[in-house]
Amino acid sequence: MTDAHVLDNAAYTSLTGPHAALAERRGRVVRYPTTVSPFAALPEDAGPADWADLAALAGPGAVVPLTNGEHLRLPESWEVVMRIPSVQLLGDAVTGSPDDSLVRLGAADVPEMLDLIARTQPGPFRPRTVEMGTYLGVRHGGALIAMAGERLHPPGWTEISAVCTDPARRGLGLAGRLVRALVAGIRDRGETPFLHASAENVTAIRLYESLGFQLRRNPTFLAVRVPAARTEAEAQAQGQAHTRGQARVQTPAATEVKVDAELRVPTG
């Protein structure tokens, strides 16, 4: 699997690859429009200039989720507000199965999709998330009761995400049907499926493993807070410190701070 490295920084390789048309850029930093996804991405060798560009993109005080948190060293003024230990699973061995009973979801379905997301909380989902890839759903009596879709898209790979079922309809195998149907479509494009889940989401991980997904690694998702706006005097003082080579970096603190619930689980 010679191109597996593209999954180590999946948001970055998505936004600089197949999802480049969606990317907002500043220097080497990229992010999705906030109406599409909250994720931003820095290169693996991010330095002070890259962090400054991320701050400019996101704005003072913004909370930004990053998919390659275990490799990053934050500047002193940045705050880690959440760490999410996760699993990254590969679908090389998963058998896809097209399912004509599933419905393709689009912009007209977004209000129902957002309602289902709010009731099940599988992870970040925004009004334009459907633009990231194919989304499939199950309807019963006209109501949307389950869904799943495609999110990050590194070259040669597609992430399955937003797998969720109405609590009253769980136990019917709907999630498995949706995932297998997405796998079939991904393979038809000559790509390989993968996914992320919170390490605490044991139920979801068991489902994915039963379908044939296998653990690749245990990434850590970070949510970081952009420093608040500085006064002109503070900016000048920091600039002088950098000139003298006195700028410092620190490893993010381990303390988690409660933030928006949608950032709690990468997928599930």
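**Burial and salt bridges**

Visitor: How does glutamate 24 count at 28% relative accessibility?
Guide: Buried means under 20% relative accessible area, exposed over 50%, and partly exposed in between (1.4 Å probe, protein chains only). Glutamate 24 has 28%, so the residue counts as partly exposed.

Visitor: What kind of model is this?
Guide: Residues are numbered from 1 along each chain as its sequence is written, and side-chain values use heavy atoms, with hydrogens and water left out. Local features need pLDDT of at least 70 and side-chain atom pairs count only at pLDDT 80 or more, while totals for chains, interfaces and linings use all residues; the model is predicted.

Visitor: Which side chain meets that of glutamate 24 in a salt bridge?
Guide: A salt bridge is a side-chain nitrogen of Lys or Arg within 4 Å of a carboxyl oxygen of Asp or Glu. The partner is buried, with a relative accessible area of 17%. At 2.8 Å, N to O, the side chain that meets glutamate 24 is that of arginine 31.

Visitor: How many residues apart in sequence are the parts that aspartate 109 and arginine 139 tie together?
Guide: Their side chains meet in a salt bridge of 2.8 Å, N to O. Aspartate 109 lies in the loop between strand E7 (103-104) and helix H3 (110-120), and arginine 139 in strand E8 (residues 135-140), so the pair ties together parts whose separation is 30 residues. Helices (H or I, at least four residues) and strands (E, at least two) are DSSP runs, numbered from the N terminus. The separation in sequence is thus 30 residues.
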